[in-house]
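Here are my notes from going through this model, written as numbered points. Keep the structure open while you read and find each part as it comes up.

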Amino acid sequence: MATFFRSANLASRVFDRQFLSPRPGATVNTVRQFYENLVPSYTICDIDCPDYSFRKFTDDGNYLVAFSRNHQDLIVYRPIWPTFSCNELCDSHDLPPKAKKFDSFFKQLYSISLASSNEYICKDFFLYMERHQFGLFATSTAQSNDTSATEGAIHGVPSIEKITFYLVRLDDGAILDEKAFRNDFINLAHSIGAYLYEDLLCIVSLRYQTIHVLQIRDSGNLVEVRKIGAFCQEDDELFLHSHGQAARGVSFLPGIKQRLLSFIFRKTWNEESDQTLRVQHLKKKFYFHFQDYVDLIIWKVQFLDRHHLFIKFGSVDGGVSRSTEQNLAFFAVYNMETTDIISLYQNSSEELYSLFEYFYDHFHTNPQNSSHGNFISSHSNNVHALDQLRTIKNKANSTSQQFVKKMMASLPYTCQSQSPSPYFDLSLFRYDEKLISAIDRHRHCTEHPIKFISVKQPNVVKFKIKPGSDSGASDSRAKRISSFLFHPFFPLALSIQQTYMQPTVVNLHFRR
């Protein structure tokens with residue numbers, strides 16, 4: 001009981017911090033336990049705020065990124081904390097009207113125009129380079145469904161006339177550099193088509209099946225250092241051109257596809273030691289499926305480290321669709337220095353699932369030394385998350401292969417797609433992950449508040465988040481979706497409810 005009351009009392013925890021030292025390496029986790037007492041306890045419903053599309057807080061908490069409704073302008077805010085005075089005890093009074101305004105919590109730093117008249121900012125795309133406080137944004141023209149194959153393009157993949165990536169210094173809004181792709185298709189939704197690792201950025205061209213590896217220099221320049229696709233080595237194109245007469249009229253598979261087929265062939269070859277059986281095995285396992293392997297395209301890519309890429313291959317249909325669980329897919333680990341594929345897994349592989357379960361943090365390693373991003377809960381670092389995963393797995397025991405495919409659909413990891421907020425720490429709070437989670441996605445709106453329950457005190461609701469109007473007077477037949485933006489370390493969150501043909505409702509939740 002003494003432990004119960006001590007953990008529920010903020011003052012006692014402060015005293016304990018003065019006298020008790022945490023175990024080596026456990027300082028941050030010990031400090032994060034304070035968030036059990038520091039919760040967003042007050043809600044301002046339908047706060048008076050500009051009509052913008054709010055994207056997210058940066059992982060260091062310094063900025064709130066927003067876009068104008070016409071998807072032309074970038075607006076950046078700095079979070080501040082409201083200050084006001086009362087003649088009597090403030091706790092006994094409601095907040096003054098001025099303190100209930102958006103400007104009391106956020107200071108607009110600037111608004112800049114990124115997109116031209118026929119281009120639009122992709123409101124789902126944003127990557128942040130914490131070391132330099134650079135933001136990467138994307139604009140594009142409208143998508144064309146004309147999939148007529150031009151030279152080097154994949155038939156069946158749509159085309160976008162122009163896609164432009166902008167590198168912006170968030171401190172002052174200066175546009176440092178830009179990189180344009182023409183008549184191409186890059187999956188910008190939820191930043192799927194790009195991955196940022198330290199100062200390296202990879203962008204996947206689905207239409208031309210090319211992985212563009214760029215380096216972000218300290219000066220703010222985007223420098224292309226490597227292209228992987230038709231060619232793998234830097235001098236491959238020069239070599240082929242120097243032997244042009246010998247190769248005239250000969251059609252070559254792309255270099256990355258050659259590496260893939262070579263790996264599959266050698267793997268199949270080594271599975272049988274008997275020469276006669278080996279030939280039969282090759283016919284059955286390799287040559288029979290040869291055209292299927294040739295037709296595979298790159299879907300998605302991420303960095304594992306500075307030298308290795310994790311590449312997902314699949315059919316053309318799966319590459320441009322939103323749901324890829326049922327499609328056959330392969331995962332390859334590619335060494336950029338040697339240009340070799342060093343391992344390959346099918347999306348139903350139990351071996352890959354085992355790596356996913358026990359070493360998931362290696363798939364979303366955060367090398368930028370973010371003091372907050374390194375503590376995102378996953379089933380490889382949190383026993384509560386692991387219990388949840390294994391419960392789901394046990395329920396799906398009869399369809400184990402389908403379960404594995406469903407889990408593998410989240411790989412490669414989508415860069416910066418999870419909030420580092422401590423309120424999503426599964427060792428501190430429990431909540432309904434169907435309604436809210438650390439993953440940056442829209443959710444169907446619920447009529448009831450979302451409860452955050454203490455893990456240590458299972459019957460204690462620490463706080464509630466309710467999107468939408470406080471009156472509750474809404475058409476239950478209308479489709480409503482919600483998104484949630486949590487500050488990485490302040491007890492501060494925005495809940496945004498969007499209803500078809502109705503104004504957006506923004507609620508602000510904070511500790512009073």
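**Notes on the model**

1. Start with strands β10 and β11. These two strands run antiparallel and are joined by nine bridges. Strand β11 covers residues 174-184. If you want one pair to look for, take Tyr166, whose bridge partner in β11 is Glu178. Keep in mind throughout that this is a predicted model.

2. Now follow the chain from β10 into β11. The two strands form a hairpin, with four residues between them. Click on Gly173 in that turn: its phi is positive, at about 80 degrees.

3. β10 has other partners too. Strand β8 (residues 134-140) pairs with β10 in the antiparallel sense, over seven bridges. In that pairing, Ala138 has Phe165 of β10 as its bridge partner. The short run β9 (residues 143-144) also pairs antiparallel with β10, here over two bridges. There you'll find Gln143 standing opposite Ile160.

4. Is β10 mostly buried or exposed? Of the 11 residues in this strand (residues 159-169), eight are buried, so the rest of the structure largely encloses it. 

5. Next, have a look at the open sheet of four strands. Its order is β2-β3-β4-β5, and the pairing is antiparallel. Which strands stand at the edges? They are β2 (52-57) and β5 (106-113); each has a single partner strand, so one side of each is left without a neighbour in the sheet. On average, neighbouring strands here are turned by 25 degrees against each other, if you ignore direction.

6. Stay with β2 for a moment. Five bridges connect it to β3 (residues 64-68), and the two run antiparallel. Phe57 is a handy marker, since it stands opposite Leu64 in β3.

7. Two loops around these strands hold residues with a backbone angle worth checking. Asp46 is in the loop between β1 (42-44) and β2. Its phi is near 50 degrees, which is a positive value in a residue other than glycine. Asp46 counts as partly exposed because its relative accessibility is 47%. His71 is in the loop between β3 and β4 (73-79). His71 isn't a glycine either, yet its phi is positive, at about 60 degrees. With a relative accessible area of 23%, His71 is partly exposed; the cut-off for buried is under 20%.

8. Let's move to the helices. In α12 (residues 400-408), the buried residues are Phe403, Val404, Lys405, Met407 and Met408. Notice that a lysine, Lys405, is on that list. What covers them? The elements include two strands, β17 (308-314) and β18 (329-335), along with two helices, α10 (350-358) and α11 (383-395).

9. Those two helices also pack against each other. The angle between α10 and α11 is about 150 degrees, and their axes are 11 Å apart. Angles over 145 degrees count as roughly antiparallel, so that is how α10 lies relative to α11. From α10, the contact uses Tyr353, Glu357 and Tyr358, while α11 brings Leu386, Leu389, Arg390 and Lys393. Sorted by type, the residues of this contact are four nonpolar, no polar and three charged.

10. After α12 comes a loop that leads to β20 (429-430), and Asp425 is found there. Is Asp425 buried or exposed? Its relative accessibility is 6%, so it counts as buried. Its side chain makes a polar contact with the side chain of Arg32, at 3.4 Å. If you set aside neighbours within four places in sequence, Asp425 is in contact with Arg32, Ser377 and Asn382.

11. Pro412 is in that loop between α12 and β20 as well. Look at the peptide bond joining Leu411 and Pro412: it is cis, with omega at about -10 degrees.

12. Finally, zoom out to the chain as a whole. It has 12 helices and 26 strands. Of its 512 residues, 48% are buried. Take the contacts between residues at least 6 apart in sequence: 58% of them join residues at least 24 apart. The link between Asp425 and Arg32 from point 10 is a good one to find again on screen.

Terms used. Residues are numbered from 1 along each chain as its sequence is written. This is a predicted model: local features need pLDDT of at least 70, side-chain atom pairs count only at pLDDT 80 or more; totals for chains, interfaces and linings use all residues. Side-chain values use heavy atoms; hydrogens and water are left out. Buried means under 20% relative accessible area, exposed over 50%, partly exposed in between (1.4 Å probe, protein chains only). Two strands pair if DSSP finds at least two bridges between them. Contact means heavy atoms within 4.5 Å. Axes are lines fitted to C-alpha atoms, for helices over the stretch in contact, and angles run from 0 to 180 degrees between N-to-C directions. Angles under 35 degrees count as roughly parallel, over 145 as roughly antiparallel, 65 to 115 as roughly perpendicular and the rest as oblique. Ala, Val, Leu, Ile, Met, Phe, Trp, Tyr, Cys and Pro count as nonpolar, Asp, Glu, Lys and Arg as charged, and the others, Gly among them, as polar. A polar contact is a pair of N or O atoms within 3.5 Å; within protein, one must be able to donate a hydrogen and the other to accept it, and residues adjacent in sequence count only if both atoms are side-chain atoms.
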